[in-house]
Amino acid sequence: MAKKYGSAAKKSVKRAMHKKKKGTLKSGKSKKKVKSRKQAIAIGLSEARKKGAKVPKKKSSKKKK
């Protein structure tokens, strides 16, 4: 079975987690401090996607017909 995440994506998430623990990780436009672990991971993956790292596509919400 193939790996889901590339090494570049893992590095990006690791960096985001370190910044979160340090207290310097900030979110999007609001630039508020990130407090949750899940949000830090999401920011790391988002940055990895922008760089073109191997990251699975986001899950899209399916609308009911």
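**Pocket, core and loop in a predicted model**

The largest pocket is lined by Lys-26, Ser-27, Gly-28, Lys-31, Ile-43, Ser-46, Glu-47 and Lys-50. The model is a predicted one. The volume of this pocket is about 150 Å³. Two of the lining residues, Ser-27 and Lys-31, are taken up below, followed by the nonpolar core, Ser-12 in helix α1 and Lys-59 in the segment after α2.

**Pocket lining**

- By residue class, the lining of the largest pocket divides into one nonpolar, three polar and four charged residues.
- Rolling a probe the size of a water molecule over the atoms shows where empty space is left.

**Ser-27**

- Ser-27 sits in the loop that runs between α1 (7-22) and α2 (37-51).
- The relative accessible area of Ser-27 is 13%, so this residue counts as buried, the limit being under 20%.
- The side chain of Ser-27 makes a polar contact of 3.3 Å with the side chain of Ser-30.
- Leaving aside residues up to four places away in sequence, Ser-27 touches Lys-32, Val-34, Gln-39 and Ile-43.
- Of these partners, Gln-39 is 12 residues from Ser-27 in sequence, and their C-alpha atoms are 8.5 Å apart in space.
- Ile-43, another of the contacts of Ser-27, also belongs to the pocket lining and to the largest nonpolar core.

**Lys-31**

- Lys-31 is likewise placed in the loop between α1 and α2.
- With a relative accessible area of 56%, Lys-31 is exposed, because the class begins at over 50%.
- Lys-31 has a positive phi of about 60 degrees, although it is not a glycine.
- Most residues other than glycine have a negative phi.

**Nonpolar core**

- The largest nonpolar core has 12 residues in all: Ala-9, Val-13, Ala-16, Met-17, Leu-25, Val-34, Ala-40, Ile-43, Leu-45, Ala-48, Ala-53 and Val-55.
- Helices α1 and α2 each supply at least two residues of this core.
- In soluble globular proteins, nonpolar side chains tend to be buried together.
- Val-13, one of the core residues, touches Ile-41, Gly-44 and Leu-45 when residues up to four places away in sequence are not counted.
- Val-34, a core residue, is among the contacts of Ser-27.

**Ser-12**

- Ser-12 is found in helix α1.
- A relative accessible area of 4% makes Ser-12 buried.
- The side chain of Ser-12 reaches the backbone oxygen of Gly-44 at 2.8 Å.
- Ser-12 touches Gly-44, Glu-47 and Ala-48, again not counting residues up to four places away in sequence.
- Among these partners of Ser-12, Glu-47 lines the largest pocket, while Ala-48 is part of the largest nonpolar core.
- Gly-44 is also touched by Val-13.

**Lys-59**

- Lys-59 lies in the segment after α2.
- Lys-59 is exposed, its relative accessible area being 86%.
- Lys-59 and Lys-19 are 40 residues apart along the chain, and their C-alpha atoms are separated by 26 Å.

Terms used:
Residues are numbered from 1 along each chain as its sequence is written. This is a predicted model: local features need pLDDT of at least 70, side-chain atom pairs count only at pLDDT 80 or more; totals for chains, interfaces and linings use all residues. Side-chain values use heavy atoms; hydrogens and water are left out. Helices (H or I, at least four residues) and strands (E, at least two) are DSSP runs, numbered from the N terminus. Buried means under 20% relative accessible area, exposed over 50%, partly exposed in between (1.4 Å probe, protein chains only). A polar contact is a pair of N or O atoms within 3.5 Å; within protein, one must be able to donate a hydrogen and the other to accept it, and residues adjacent in sequence count only if both atoms are side-chain atoms. Contact means heavy atoms within 4.5 Å. A nonpolar core is a set of buried Ala, Val, Leu, Ile, Met, Phe, Trp, Tyr and Cys residues joined through side-chain atoms within 4.5 Å. On a 1 Å grid over the protein atoms alone, a cavity is a set of points where a 1.4 Å probe fits but cannot get out, and a pocket is an open set with protein on both sides within 12 Å along at least five of seven lines; lining residues have an atom within 4 Å of a point. Grid points are joined across faces, edges and corners, and a volume is the space filled by probe spheres set on the points. Ala, Val, Leu, Ile, Met, Phe, Trp, Tyr, Cys and Pro count as nonpolar, Asp, Glu, Lys and Arg as charged, and the others, Gly among them, as polar.
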